[in-house]
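Please go through this model with me, one point at a time. Short questions and short answers will do.

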Amino acid sequence: MFIAYEKYYLQEKVGEGTFGQVFKGINTRTKEPVAIKVEPIIYNLKLLKNETKIYQFLRGIKGIPEVKWFGKDETNYYMVMDLLSFSLEDKLKEKKEKKFSLQLTCQIGRQILNILEKVHNKGIIHRDIKPDNFLLQGNEIYLIDFGFCKSYLDVNQQHMESKATAGLIGSPKFASINAHNHTELSRRDDLESLAYMLSYFTLSYMEATVLFKSNILPNLLPEKLCQFLEEIRNLHFEETPDYDLLRDIIK
């Protein structure tokens with residue numbers, strides 16, 4: 001199937017969500033492989049259009065994929081992006097023991113902190129930090145899926161106020177305590193989700209199950225990750241995180 005005046009060609013489906021699908025594709029002129037997200041117009045959500053704007057706003061940040069084209073035909077919206085390979089969740093499943101070493105986990109954590117710091121500095125919080133939303137290209141990590149993202153600044157560029165939310169935002173397994181309590185999220189909540197994700201990488205399946213059912217049992221975790229989580233949980237709603245300190249903790 002051709003889209004965009006036959007510039008791109010849809011190949012096999014590689015993913016599917018509630019409101020659309022993801023295909024591997026190819027640029028028919030340059031033969032460059034691409035990823036193509038497809039959203040049916042009939043849903044009248046315009047999620048891809050909004051997500052495209054976010055990627056364009058964050059363009060130039062290392063670890064944010066590039067949108068190559070956005071458009072539509074009679075039935076679908078399309079967003080064409082860099083084709084990335086496996087997610088961190090895919091890589092975890094490849095491991096016989098289903099976990100990463102502490103050294104690798106900390107390397108991953110530092111790289112993700114670099115991405116989140118720059119995204120936060122642009123006034124955006126992601127609100128769905130989880131292993132499936134980090135893709136790999138070589139040794140580089142890329143953050144994707146900004147469908148739940150939000151600006152934490154109001155029209156006057158002041159930090160928004162804390163308030164109740166209608167329900168849980170993000171993925172329950174990695175959501176912060178505030179998310180589970182249906183409280184407005186801020187920068188600290190992206191980082192708390194990151195802490196849970198890093199913890200998940202270092203634990204066995206049974207340990208991780210206990211951890212997430214109990215909102216963290218520190219005695220299960222390496223000391224570095226306990227300190228990392230504690231520092232994040234001490235952050236106030238509007239507080240700017242000390243990213244350098246957090247990177248130092250997980251050296």
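Q: How many bridges pair β2 with strand β3, and in which sense do they run?
A: This is a predicted model. Strand β3 covers residues 21–27, and β2 pairs with it in the antiparallel sense. The count is 6 bridges.

Q: Which residue of β3 is the bridge partner of Tyr9?
A: Tyr9 has its partner in β3. That strand takes in residues 21–27. The partner is Ile26.

Q: Which residue in β2 is the bridge partner of Phe2?
A: Strand β1 spans residues 2–3 and strand β2 spans residues 8–16. The two run antiparallel and are joined by 2 bridges. In β2, Phe2 is partnered by Tyr9.

Q: Where is Lys98, and what is its phi?
A: Lys98 sits in the loop between α2 (88–94) and α3 (102–121). Lys98 is not a glycine, yet its phi is positive. The value is about 60°.

Q: Is Lys98 buried or exposed, or partly exposed?
A: The relative accessible area of Lys98 is 42%. Buried means under 20%, and exposed means over 50%. Lys98 is therefore partly exposed.

Q: Is Arg127 buried or exposed?
A: Arg127 lies in the loop between β7 (124–125) and β8 (134–137). Its phi is positive, near 70°, in a residue other than glycine. The relative accessible area of Arg127 is 15%, and the cut-off for buried is under 20%, so Arg127 is buried.

Q: How many aromatic pairs does a search of the whole structure find, and what kind is the pair of Phe70 and Tyr77?
A: The search finds 6 aromatic pairs. In the pair of Phe70 and Tyr77, the centres are 6.0 Å apart and the planes are at 10°. Planes under 30 degrees apart count as stacked. The pair of Phe70 and Tyr77 is stacked.

Q: Which of Phe70 and Tyr77 is buried?
A: Phe70 has 26% relative accessibility, so it counts as partly exposed. Tyr77 has a relative accessible area of 9%. The buried residue is Tyr77.

Q: Why is the pair of Phe174 and Tyr200 called edge-to-face?
A: The ring centres of Phe174 and Tyr200 are 5.3 Å apart. Edge-to-face needs planes over 60 degrees apart. The pair is edge-to-face because its planes stand at 80°.

Q: How many residues apart in sequence are the parts that Phe174 and Tyr200 tie together?
A: Phe174 lies in the loop between β10 (150–151) and α4 (177–180). Tyr200 lies in helix α5, residues 187–202. Both Phe174 and Tyr200 are buried. The parts tied together are 26 residues apart.

Q: Which residues do ring pairs link into a cluster with Phe174 and Tyr200?
A: Phe174 and Tyr200 belong to a cluster linked by ring pairs. The other members are Phe100 and Phe201.

Q: Which residue lies over the face of Phe57?
A: The contact is at 4.5 Å from the ring centre of Phe57. A charge counts as over a ring within 6 Å of the centre and within 35 degrees of the ring normal. The residue is Lys122.

Q: Which residues does Thr183 touch, not counting those up to four places away in sequence?
A: Thr183 is in the loop between α4 and α5. At 22% relative accessibility, Thr183 counts as partly exposed. Its contacts are Ser162, Lys163, Thr165 and Asn178.

Q: How many salt bridges does the structure hold, and which residue pairs with Glu94 in one of them?
A: The structure holds 15 salt bridges. Glu94 and its partner both lie in helix α2, 3 residues apart, about one turn of the helix. Their closest N and O atoms are 3.7 Å apart. The partner of Glu94 is Lys91.

Q: Which of Arg247 and Asp244 is buried?
A: Their side chains meet in a salt bridge at 2.7 Å, N to O. Both lie in helix α8, residues 243–249. Asp244 has 49% relative accessibility, so it counts as partly exposed. At 15%, the buried one is Arg247.

Q: Which residues are linked with Glu32 in a network of salt bridges?
A: The network includes Glu32. Its other members are Lys68 and Asp82.

Technical notes: Residues numbered from 1 in each chain as written. Heavy atoms only, no water. Helix = DSSP H or I, 4+ residues; strand = E, 2+ residues; numbered from the N terminus. Buried < 20%, exposed > 50% of the residue type's maximum accessible area, 1.4 Å probe, protein only. Pairing = 2+ DSSP bridges. Phe/Tyr/Trp six-rings, centres within 6.5 Å; stacked < 30°, edge-to-face > 60°. Contact = heavy atoms within 4.5 Å. Salt bridge = Lys/Arg side-chain N within 4 Å of Asp/Glu carboxyl O.
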